[in-house]
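User: I'm new to this one. Could you show it to me and explain how you know what you say about it?

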Amino acid sequence: MTLNSNIILGLDPGLANAGWGIIELENGEARSLGYGSITTRSGEDFSLRLRKIYDEVIELINKYNPSEISVEKIFFARNTSSAIEVAQARGVLLVASGFAGADVYEYTPLEIKQALVGYGKASKAQVQYM
């Protein structure tokens, strides 16, 4: 696989919805090549849900051949059971990214919001707008 040195895949871990976005950097400008989410159903077998996330991330990697992949770190203060499931989904994203041969970076939600909006405690609406 030939990696595109100006393509970056961003991944937001989740079990029900794992978000993704692809950007291309060219002449100092970023443009969106695509975005969406990988969705799984709560009644489905857990291992099949993880497999679906893996398969769809591999499809994205094969389609765009990113040279860099960023995966959001997770932070949960309350619900430990959902935190564990999301952590497992995040692990699947990291494994799929590792197979890509791309450089993999991990960022906290605060770092991502700071970079996009200029404020680490920005709302989801502010991040989506940017």
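Analyst: Sure, let's start with a term: a nonpolar core is a set of buried Ala, Val, Leu, Ile, Met, Phe, Trp, Tyr and Cys residues joined through side-chain atoms within 4.5 Å. Buried means under 20% relative accessible area, with exposed over 50% and partly exposed in between (1.4 Å probe, protein chains only). This is a predicted model, where local features need pLDDT of at least 70, side-chain atom pairs count only at pLDDT 80 or more, and totals for chains, interfaces and linings use all residues. Residues are numbered from 1 along each chain as its sequence is written, and side-chain values use heavy atoms, leaving out hydrogens and water.

User: What makes up the largest nonpolar core?

Analyst: That core has 23 residues, and Leu9, Leu11, Trp20, Ile53, Val57 and Ile69 have the most contacts inside it. Strand 1 (4–12), strand 2 (17–26), helix 1, strand 4 (66–72) and helix 2 (80–100) each give two or more residues. Helix 1 supplies the largest share, seven residues. Helices (H or I, at least four residues) and strands (E, at least two) are DSSP runs, numbered from the N terminus.

User: Which residues does Ile53 touch?

Analyst: Contact means heavy atoms within 4.5 Å. Leaving aside residues up to four places away in sequence, Ile53 touches Gly14, Leu15, Ile38, Thr40, Ala89, Val92 and Leu93. Ile53 is also among the buried residues of helix 1, while Ala89, Val92 and Leu93 are among those buried in helix 2.

User: How do you know what span is expected for helix 1?

Analyst: The rule is 1.5 Å times one less than the number of residues. Helix 1 has 19 residues, so 27 Å is expected, and its reach of 28 Å from first C-alpha to last is close to that.

User: Why are strand 2 and strand 3 called paired?

Analyst: Two strands pair if DSSP finds at least two bridges between them. Strand 2 and strand 3 (residues 29–39) have 10, in the antiparallel sense, so they qualify. They form a hairpin with two residues between them, and Asn27 in the turn has a positive phi of about 55 degrees.

User: What is the radius of gyration set against?

Analyst: The globule rule is 2.2 Å times the number of residues to the power 0.38, and the radius is taken over C-alpha atoms. With 130 residues that gives a value near 14 Å, so the chain's 15 Å agrees with a compact globule.

User: Where is the mean pLDDT lowest among the elements?

Analyst: pLDDT is the predictor's confidence in each residue, from 0 to 100. Helix 4 (residues 124–129) has the lowest mean, 74, and helix 1 (residues 46–64) the highest, 97. The chain's mean is 89.
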